[in-house]
Amino acid sequence: MAEHLGRTVEEMIPDFFPQVEPYIQRALQGEAIPGVELTKPAIGGNEARSVLLSYEPARDEAGEVVGVSVALVDLTPIRRAEEARRESEQHFRHMIEIVPQIPWIIDAEGRALDVSQRWLEISGMAEEHWRGFGWLEALHPDDRQPTIDAMHRAFETGEPINVVYRVRSSASDPWKWMRSRGSARGGCGWESDLLVRLSG
């Protein structure tokens, strides 16, 4: 602390000062500026840091601004954890996409919550069309109700699902037989879902 006394902000953090100077100037004009997230550049052997800054005008007894009160929170550990989670999710999704099966998840009513990209390729469905009950449109009309019935039984009994149905990507393509195997997990209603793997 003693090293900071009597020194300007620019002297203390010359590489970071250009980012914070505008906020200091605004606070000196009487403006309170909460929650500014900035990246403090790497200096020497120190790595770059993500920081959350708040600037408040410091006033005397007469209400005149005599300085700036600065609060700082180091967000670097949080940002690292978020980046690690994103990388983990991307890795998991990549692994899912390269397996021969087509994993997807439906809820207790039969609404699709998540599906592999390969389902879109096989069914010819657009990204915005498969969600909810839209995925049923890719099935042969005669196979839709039996498939839903099989999934409902899986939720009611807890037994694994094993159902076959036909899918095609367009009206000019032949129907392709698919098999779905999976099991229910979770509680009931919206808290339940069904993990399914399809194979040709």
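Which residue in the turn of the hairpin formed by E2 and E3 has a positive phi? Keep that question in mind, everyone, and I'll come back to it in a few minutes. Hello, and thanks for having me. What we have on the screen is a predicted model, and I'd like to walk you through it from the overall layout down to a few single residues.

Let's start with the layout. The protein chain has 200 residues, and 30% of them are buried. Its secondary structure comes to 5 helices and 8 strands. If you read along the sequence, the order is α-α-β-β-β-α-β-β-α-α-β-β-β. Taking the contacts in the chain with a separation of 6 or more, 37% are between residues 24 or more positions apart. As for the outside, the chain exposes about 12,600 Å², with carbon and sulfur atoms supplying 52% of that area.

Now, the inside. The largest nonpolar core has 23 residues, and among those with the most contacts inside it are Trp104, Trp119, Trp130 and Trp135. Also on that list are Leu139, Tyr165 and Val167. Which elements give two or more residues to this core? They are strands E4 (102-107), E5 (112-115) and E6 (161-167), together with helices H4 (117-123) and H5 (141-157). Apart from this core lies another one, of 12 residues, including Val20, Ala27, Leu38 and Leu53.

Let me pick out one tryptophan. Leaving aside neighbours within four places in sequence, tryptophan 130 touches Ala112, Leu113, Asp114 and Val115, and also Trp119, Leu120, Met125 and Trp135.

Next, please turn to the strands in the earlier part of the chain. Strand E1, residues 33-40, pairs with strand E2, residues 49-59, in the antiparallel sense over 6 bridges. Here isoleucine 33 stands opposite tyrosine 55 in E2. E2 also pairs with strand E3, residues 65-74, again antiparallel, this time over 9 bridges. Along that pairing, alanine 58 faces glycine 67 in E3, and arginine 59 has valine 65 as its bridge partner.

That brings us back to my opening question. E2 and E3 form a hairpin with 5 residues between them, and the residue in the turn is glycine 63, whose phi is positive at about 90 degrees.

While we're on E2, have a look at serine 50, which is found in this strand. Serine 50 has a relative accessible area of 16%, so it counts as buried. Beyond its neighbours within four places in sequence, serine 50 is in contact with Glu37, Leu38 and Thr39, with Val73, Asp74, Leu75 and Thr76, and with Arg79.

Tyrosine 55 deserves a second look too. A search of the whole structure finds 1 aromatic pair. Its members are tyrosine 23 and tyrosine 55, with ring centres 5.8 Å apart and planes at 15 degrees, so the pair is stacked. Because tyrosine 23 lies in helix H2 (residues 17-28) and tyrosine 55 in strand E2, the pair ties together parts that are 32 residues apart in sequence. Both tyrosines are buried.

Let's finish with two polar residues further along the chain. The one I'll take to begin with is aspartate 143, which is found in helix H5. Is aspartate 143 buried or exposed? At 9% relative accessibility, it counts as buried. Its side chain is joined to that of arginine 166 by a polar contact of 2.8 Å. Setting aside neighbours within four places in sequence, aspartate 143 is in contact with Tyr165, Arg166 and Trp177.

Then there is asparagine 162, in strand E6. With 49% relative accessibility, asparagine 162 counts as partly exposed. What does its side chain make a polar contact with? The partner is the side chain of arginine 179, at 2.7 Å. Leaving out neighbours within four places in sequence, asparagine 162 is in contact with Arg179, Ser180 and Arg181. And if you'd like a distance to find on your own screen, try the C-alpha atoms of asparagine 162 and threonine 147: these residues are 15 apart along the chain, and the atoms are separated by 9.4 Å.

So, to recap what we visited: a core of 23 residues, another of 12, the hairpin of E2 and E3, and the stacked tyrosines 23 and 55. Thanks for listening, and I'm happy to take questions.

Definitions and conventions: Residues are numbered from 1 along each chain as its sequence is written. This is a predicted model: local features need pLDDT of at least 70, side-chain atom pairs count only at pLDDT 80 or more; totals for chains, interfaces and linings use all residues. Side-chain values use heavy atoms; hydrogens and water are left out. A nonpolar core is a set of buried Ala, Val, Leu, Ile, Met, Phe, Trp, Tyr and Cys residues joined through side-chain atoms within 4.5 Å. Buried means under 20% relative accessible area, exposed over 50%, partly exposed in between (1.4 Å probe, protein chains only). Helices (H or I, at least four residues) and strands (E, at least two) are DSSP runs, numbered from the N terminus. Contact means heavy atoms within 4.5 Å. Two strands pair if DSSP finds at least two bridges between them. Accessible areas come from the Shrake-Rupley method with a 1.4 Å probe; for residues, only the protein chains shown count as cover. Rings of Phe, Tyr and Trp (its six-membered ring) pair if their centres lie within 6.5 Å; planes under 30 degrees apart count as stacked, over 60 as edge-to-face and the rest as tilted. A polar contact is a pair of N or O atoms within 3.5 Å; within protein, one must be able to donate a hydrogen and the other to accept it, and residues adjacent in sequence count only if both atoms are side-chain atoms.
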